There are 2 protein chains.
Amino acid sequence: MPAAVGIDVGGTKVLGVLLNEQGQVAAEHRVPTPSTADGLVDAVVAVVAGLGGSGHPVGVGVPGLVDHEGCLRFAPNLPGVVDVPVRARLHDALGVTVVVENDATAACWGERERGAAAGADDVVVVTLGTGIGGGVVAGGVLQRGAHGFAGEIGHMVVDPNGPRCPCGKRGCWERFASGSALGGLARRHGLGDRGEAVTAAALRGDPDGVAAMAEFAWWVAIGLVNLAYLLDNTVFVLGGGVIDAGEALLGPTREAFASLLAGAAHRPPVSVVGAALGERAGAIGAALLAGAAGAAEATGAAS
Amino acid sequence: MPAAVGIDVGGTKVLGVLLNEQGQVAAEHRVPTPSTADGLVDAVVAVVAGLGGSGHPVGVGVPGLVDHEGCLRFAPNLPGVVDVPVRARLHDALGVTVVVENDATAACWGERERGAAAGADDVVVVTLGTGIGGGVVAGGVLQRGAHGFAGEIGHMVVDPNGPRCPCGKRGCWERFASGSALGGLARRHGLGDRGEAVTAAALRGDPDGVAAMAEFAWWVAIGLVNLAYLLDNTVFVLGGGVIDAGEALLGPTREAFASLLAGAAHRPPVSVVGAALGERAGAIGAALLAGAAGAAEATGAAS
């Protein structure tokens with residue numbers, strides 16, 4: 001694979017990596033996430049320059065609905081960024097192969113190729129952050145859907161009479177099982193108002209912390225069970241800030257998953273593991289996708 | 001494609017078709033569903049004979065978890081049928097290429113190749129019967145999952161505090177949106193105890209019937225929305241007995257789907273249509289899969 005740049009656009013930072021021809025992270029660079037579409041393109045260009053990555057294929061993971069042309073159609077957490085042709089604008093600015101994907105889709109590919117799900121052909125990556133993002137590999141193929149919008153699992157309805165979601169609907173999974181939801185559990189269990197407090201309390205064995213984490217893990221597992229029925233995957237990779245809790249989250253999630261899965265006796269077990277690439281997963285996945293696209297274009301140009 | 005036999009094993013009948021080399025249904029034959037594993041194999045053999053189909057590849061759709069070796073691991077509606085190597089036993093009995101798939105997976109392939117979703121690459125078929133079955137085509141590829149168990153969508157949890165399901169869990173989608181659930185709605189709306197009464201009342205414009213059907217359609221749509229988020233498909237094909245209601249079900253389902261889908265303004269519309277192949281969908285899909293497998297084996301043998 002050629003060297004390639006991968007960039008993950010998050011809610012607060014734009015994180016880039018340069019993968020060398022051996023696929024190793026040769027450089028890392030980050031800048032704050034800008035608030036406008038123009039700023040977003042400029043920030044990616046700046047990160048490429050900061051990495052010394054000019055001339056290499058560039059992959060970008062962005063949070064939102066990205067179509068097959070690399071146009072960011074809608075990004076709930078980047079207000080003012082609607083219908084931005086990110087791929088075309090970066091291609092004009094950089095003159096190289098550019099791939100733009102949903103951030104969780106890119107992270108899924110990173111974890112599947114280099115991380116916690118390396119070698120597995122049926123993988124779901126679930127990112128528990130402000131909301132919940134998802135990426136799916138099925139039969140070894142990264143799933144994008146008809147329009148590039150596959151894996152938007154945070155708004156899966158798990159309780160139609162549940163609390164209102166900012167999306168306008170009720171009872172979305174991310175109301176119960178995102179990092180933000182963990183903050184709500186902290187309040188209800190008298191642990192302050194931040195999810196980190198639940199994690200800390202659970203890790204030190206505080207009964208309120210353990211109870212809050214068990215409730216959170218149960219809601220995480222509700223969604224995982226729904227995904228397993230549909231996809232019959234062999235591994236779930238959980239990412240996002242809350243995975244800092246490690247086994248304090250993964251243990252109760254595995255228990256709840258086993259108790260909630262119908263027909264479990266007739267199904268091979270499904271692994272539930274933490275992400276291995278951390279905050280770099282999306283950038284590494286995007287770089288791998290860009291490298292592959294660059295190699296394919298070079299082959300096509302030569303033939 | 002070579003001529004091929006397709007057989008759908010239902011809760012009450014085993015229905016077979018013979019597809020000729022032009023892919024047309026040249027014969028149809030049915031026998032009652034037996035209650036034992038031995039009876040099941042014998043019934044399929046009898047249907048092949050009844051169709052005049054000996055010597056042709058045979059595809060069989062069965063209701064339950066079918067692994068990649070064609071072993072029926074578990075079939076909730078066929079008590080006593082557990083861990084039956086259906087493919088191996090039929091291959092021994094018939095001496096031809098045999099393919100065994102989950103019935104809804106086979107029906108999905110039938111509808112995608114010859115029915116209501118012909119030509120579409122991202123399709124979900126949802127069969128609303130005693131329970132809810134599902135089949136998925138993504139990127140033009142029939143999805144089977146890591147173990148052959150993909151598409152088991154009836155037990156997707158849509159209300160964790162909802163009614164107990166025979167599977168042992170709570171609030172499964174099929175408690176609300178299967179043909180059986182429509183019978184429950186009939187009782188609650190004072191329309192007797194059969195789902196058909198709701199359909200008849202809705203079709204003649206009876207307010208109780210229309211209200212019951214709208215409630216049913218809303219629950220159908222809850223599950224469809226969840227599937228659309230994950231899969232980004234372009235079409236849903238609804239099958240099973242309740243689809244006899246036609247537009248009386250499809251219209252309210254489309255309305256509820258539009259009202260429940262987050263970010264609908266940024267997404268291309270998704271079609272919700274009735275199955276076109278009726279009770280033959282599974283048999284036709286199974287025959288097409290068998291024909292393709294037979295052709296591949298012949299090519300492999302010749303090379």
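Trainee: What pLDDT does chain A average?

Mentor: This model is predicted, and pLDDT is the predictor's confidence in each residue, on a scale from 0 to 100. In chain A, 99% of the residues score at least 70. The average pLDDT of chain A is 94.

Trainee: Which element of chain A has the highest mean pLDDT?

Mentor: At the lower end stands strand E7 (residues 82-84) of chain A, with a mean of 90. The highest mean among the elements of chain A is 98, and it belongs to strand E13 (residues 271-274) of chain A.

Trainee: In chain B, how many residues of strand E2 (residues 13-19) are buried?

Mentor: A residue counts as buried if 20 or more other C-beta atoms lie within 10 Å of its own. Strand E2 of chain B has seven residues and is mostly covered. The number of buried residues in E2(B) is six.

Trainee: Which residue of E2(B) stands opposite Ala4(B)?

Mentor: Strand E1 (residues 4-9) of chain B pairs with E2(B) in the antiparallel sense, over six bridges. The two strands form a hairpin, with three residues between them. Opposite Ala4(B) in E2(B) stands Leu19(B).

Trainee: Which residue of E3(B) is the bridge partner of Val14(B)?

Mentor: E2(B) is also joined to strand E3 (residues 25-32) of chain B; these strands run antiparallel and share seven bridges. In E3(B), the partner of Val14(B) is Val31(B).

Trainee: Which residue in the turn between E2(B) and E3(B) has a positive phi?

Mentor: E2(B) and E3(B) form a hairpin with five residues between them. In that turn, a positive phi of about 80° is found at Gly23(B).

Notes. Residues numbered from 1 in each chain as written. Chains lettered and ligands numbered in written order. Predicted model: local features only at pLDDT ≥ 70, side-chain atom pairs only at ≥ 80, totals over all residues. Buried ≥ 20, exposed ≤ 12 C-beta atoms within 10 Å, placed from the backbone. Helix = DSSP H or I, 4+ residues; strand = E, 2+ residues; numbered from the N terminus. Pairing = 2+ DSSP bridges.
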